[in-house]
Amino acid sequence: NVSDGPADRMKCSRFLLQLVRSGRTAAQRGSLLLSPSSGQQFRCSPASAKSQPEHVRFVNDNDTKKTKSLVTQEDLFEQVAKESKTKATFNQVIDVFTKRDIRRRGHVEFIYAALKKMPEFGVERDLTVYNKLLDVFPKEVFVPRNFIQRMFNHYPRQQECGVQVLEQMESYGIMPNIETKVLLVQIFGEKSHPIRKYQRIMYWFPKFKHVNPFPIPQPLPEDAVDLAVLSLTRIANDLDAKTTVYQLPFTDITESGEEISFPHIVGIQSPNQMELLAKHNPNRPVFVEGPFPLWLKKTCVYYYILRADPTPPEEKEEEVYDPERCFYYPLQLDLDLDRDLGDEENFDVDDLDEGPVFAMCMTSRGDQTTLNQWISGLQQNNPILGRIPTLFRLDAGTRELEGVADTEAGHSHRPHPQSQREDGPPAEDPEVAVEEEKPRRSQGMKQ
Amino acid sequence: MSLPTISRVPASGLLRSIRDLRWLLRSIAPLATPRRALTQMGYRRPGQPREDKPPWWRVKFDLSKGLKGMKRHFTLLKEEFFAQFIGPMGKPIIEHMLEQNQVLWEFRGPHSLQEWTISCDREIGGKSEIYLKVGRNNETCLLYGTLCSDPPKDGETRYSGYCTMRAKQPLASFDRKRYHDWSSFNTLHLRIRGDGRPWMINVIAETYYTHQKDDMYSYFLYTRGGPYWQDVKIPFSKFFLAHRGRVQDDQHELWLDKINAIGFTLGDKADGPFQLEIDFIGVCKDYAHTEDFAYEKYKRNPEV
């Protein structure tokens with residue numbers, strides 16, 4: 001590292017100057033404070049609101065003149081943070097700083113402090129705030145005027161500070177706009193490091209903006225049911241899949257007065273999955289497994305699946321294509337396509353057979369009663385579920401899909417005869433109101 | 001994505017990070033069979049005292065291990081010698097010329113985990129965790145753990161929170177470096193099952209100069225999540241050059257004739273558990289893909 005001597009001395013003197021200056025400006029503002037009627041504590045204007053804490057500090061300084069503590073630039077933010085942390089107060093702090101001194105002494109430290117405080121005030125994704133922060137730099141002072149200045153990294157601290165502002169913008173994924181560029185050109189001139197960084201951002205960000213094949217809408221829906229529908233359609237991997245809301249969240253007040261909240265239950269099933277379930281051997285159980293995590297940007301939601309073990313090889317039957325199923329094109333072709341030697345498009349790997357997945361669901365509370373409700377809801381469209389034993393494998397924490405070899409110790413078993421339960425829930429379940437797609441075949445059962 | 005640091009600027013007590021430590025993989029964490037590699041000068045965490053031991057201090061002198069090692073090396077040497085008579089790379093030449101798909105890493109059993117190394121930001125003092133184990137039925141591998149992006153409090157590090165898995169360098173007899181040769185392929189094919197998190201695939205190619213030691217060609221791997229397997233095909237022309245996590249200005253395409261390793265990194269600043277299941281990794285030749293390189297090689301001094 002290069003010797004820090006002169007810079008440190010400069011910094012110390014800068015801090016001392018600021019200490020003295022804060023006393024002086026507070027005194028100035030203290031006199032101003034007397035003009036508006038400041039008997040009350042309400043804020044009549046932003047200027048007076050800002051000056052109130054300054055006024056207090058001035059009084060303290062008068063009493064304790066001997067204490068010479070180092071005043072950092074973050075103190076401004078911290079004082080404001082006691083009141084409220086919003087974009088407006090953040091902008092006010094920046095205004096206080098810019099109006100304080102025409103030469104903007106200590107602006108580099110102020111900008112670093114502001115960058116650090118941005119997440120607390122909640123403005124880290126706001127481009128206007130970044131532009132306002134860049135506005136703190138004095139203009140045209142740091143622009144190199146001849147080739148020697150251009151060669152020798154003119155005003156390196158300020159350039160590094162500008163680069164750090166852009167780097168924070170980049171790390172939050174905010175695209176700068178033309179105002180940023182104009183500001184940077186005015187402050188640092190062309191061919192400076194911040195401008196180079198701006199050019200790099202403008203080159204790479206558009207290239208990577210649409211690189212996600214499964215884009216997530218920003219902002220995410222706040223309603224839990226909408227979020228569940230979004231994530232289920234995402235993981236279904238099938239455009240024909242239909243989502244069903246089996247239960248909307250509501251709270252019920254029982255006779256004793258206590259509130260029981262019921263979670264939402266949203267399920268999804270595609271026609272392929274329905275076919276697979278219809279072909280499933282009723283002697284073999286199906287498993288309700290979960291919860292599995294799914295991350296959407298920064299939120300983690302959990303889903304449950306209904307699956308079965310893969311059929312053992314002796315029970316596998318060849319699926320015969322019915323030629324009358326589709327008249328537009330043949331479903332099976334028996335052509336010898338004359339491939340070249342070695343023209344092999346498949347990898348030489350064994351195909352993993354993990355067993356079919358029949359349906360997925362998402363619910364906020366994953367206990368057996370809720371999932372039972374889901375199963376009974378599924379049963380409306382898949383009557384075979386009434387005859388298949390369902391096992392629940394609900395473990396907390398991250399896990400992969402269970403395998404065939406795992407034992408079923410400690411897992412609960414749903415009662416085998418399902419018929420008597422079928423009439424109960426559909427008749428008295430008033431919450432199954434929202435159904436977006438095809439009418440349920442079991443409408444007749446409801447009366 | 002920034003310049004190499006303006007090193008003439010003094011630190012002045014401000015927080016500065018010289019490198020983006022997200023994709024920095026230096027030390028090697030022990031796997032199922034702990035095996036610490038002998039790195040010449042491993043990464044030294046800021047604040048830790050320098051070790052003054054001579055380099056031979058770390059070598060373990062053990063007779064039985066030495067004998068086993070000798071046996072292994074000579075077996076490998078013999079195999080290599082006779083492989084030359086079969087054809088290039090030990091395969092018959094017609095197969096080498098015409099092959100369109102090659103499975104590089106197939107996770108079937110615990111022995112396949114020996115080829116991989118995992119690391120996380122625990123090396124630099126962070127709080128993430130990462131583990132690698134065989135998936136169910138010995139048929140896949142599961143990379144799981146927890147991500148925590150609290151930076152370590154050493155005054156230097158600004159960003160933290162990464163977890164990586166990297167293939168070990170293939171070694172010939174007597175621990176000589178061997179390279180992957182993917183020059184007849186142009187697409188990377190993976191079969192994975194993630195949990196919706198965005199990962200980054202890094203390919204490390206062999207370089208000549210020491211300045212290029214941390215060069216990596218990266219691209220994004222977006223997982224869909226869910227119970228279904230996801231086939232990911234990434235052409236090699238899409239990989240961009242990055243050095244220690246910073247995308248470089250001077251981009252050129254990935255040269256496939258000498259590849260050292262491939263790696264997966266997670267650093268998406270979302271704290272919490274993660275998991276990634278991998279079935280196999282292969283390369284294939286996609287005749288429909290004719291692009292050489294996806295990024296323009298633009299001017300060094302562009303106009304503003």
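Helices (H or I, at least four residues) and strands (E, at least two) are DSSP runs here, numbered from the N terminus. With that in hand, let us look at one pocket and a few cysteines of this predicted model.

**The second largest pocket**

This pocket has a volume of about 1,900 Å³. Its lining counts 50 residues, and those nearest the centre of the pocket are A:Ser171, A:Tyr172, A:Gly173, A:Lys297 and B:Tyr222. By character, the lining residues of the second largest pocket split into 26 nonpolar, 11 polar and 13 charged.

Which elements each supply at least two residues of this lining? From chain A come the helices α8 (156–171) and α10 (193–208), while chain B brings the strands β7 (198–205), β8 (215–222), β10 (240–243), β11 (246–247) and β12 (259–266). In terms of domains of chain A, domain 1 (73–209) and domain 2 (224–317 + 353–394) each give at least three residues to the lining of the second largest pocket.

**Cysteines without partners**

Over all chains, the structure holds 0 disulfides. A disulfide is a covalent bond between the sulfur atoms of two cysteines. B:Cys120 is not bonded to B:Cys163 because their sulfurs, 5.1 Å apart, are too far from each other for a bond, and B:Cys163 holds the closest cysteine sulfur to that of B:Cys120. B:Cys148 is likewise in no disulfide.

Here are the two cysteines side by side:

| Cysteine | Nearest cysteine sulfur | Distance | Relative accessibility |
|---|---|---|---|
| B:Cys120 | B:Cys163 | 5.1 Å | 6% |
| B:Cys148 | B:Cys163 | 9.9 Å | 15% |

Are these cysteines buried or exposed? B:Cys120 counts as buried at 6% relative accessibility, and B:Cys148 counts as buried at 15%, because buried means under 20% relative accessible area.

How values were computed: Residues are numbered from 1 along each chain as its sequence is written. Chains are lettered from A and ligands numbered from 1 in the order in which they are written. This is a predicted model: local features need pLDDT of at least 70, side-chain atom pairs count only at pLDDT 80 or more; totals for chains, interfaces and linings use all residues. Side-chain values use heavy atoms; hydrogens and water are left out. On a 1 Å grid over the protein atoms alone, a cavity is a set of points where a 1.4 Å probe fits but cannot get out, and a pocket is an open set with protein on both sides within 12 Å along at least five of seven lines; lining residues have an atom within 4 Å of a point. Grid points are joined across faces, edges and corners, and a volume is the space filled by probe spheres set on the points. Ala, Val, Leu, Ile, Met, Phe, Trp, Tyr, Cys and Pro count as nonpolar, Asp, Glu, Lys and Arg as charged, and the others, Gly among them, as polar. Domain bounds come from an automatic or database domain assignment. A disulfide is a pair of cysteine sulfur atoms within 2.5 Å. Buried means under 20% relative accessible area, exposed over 50%, partly exposed in between (1.4 Å probe, protein chains only).
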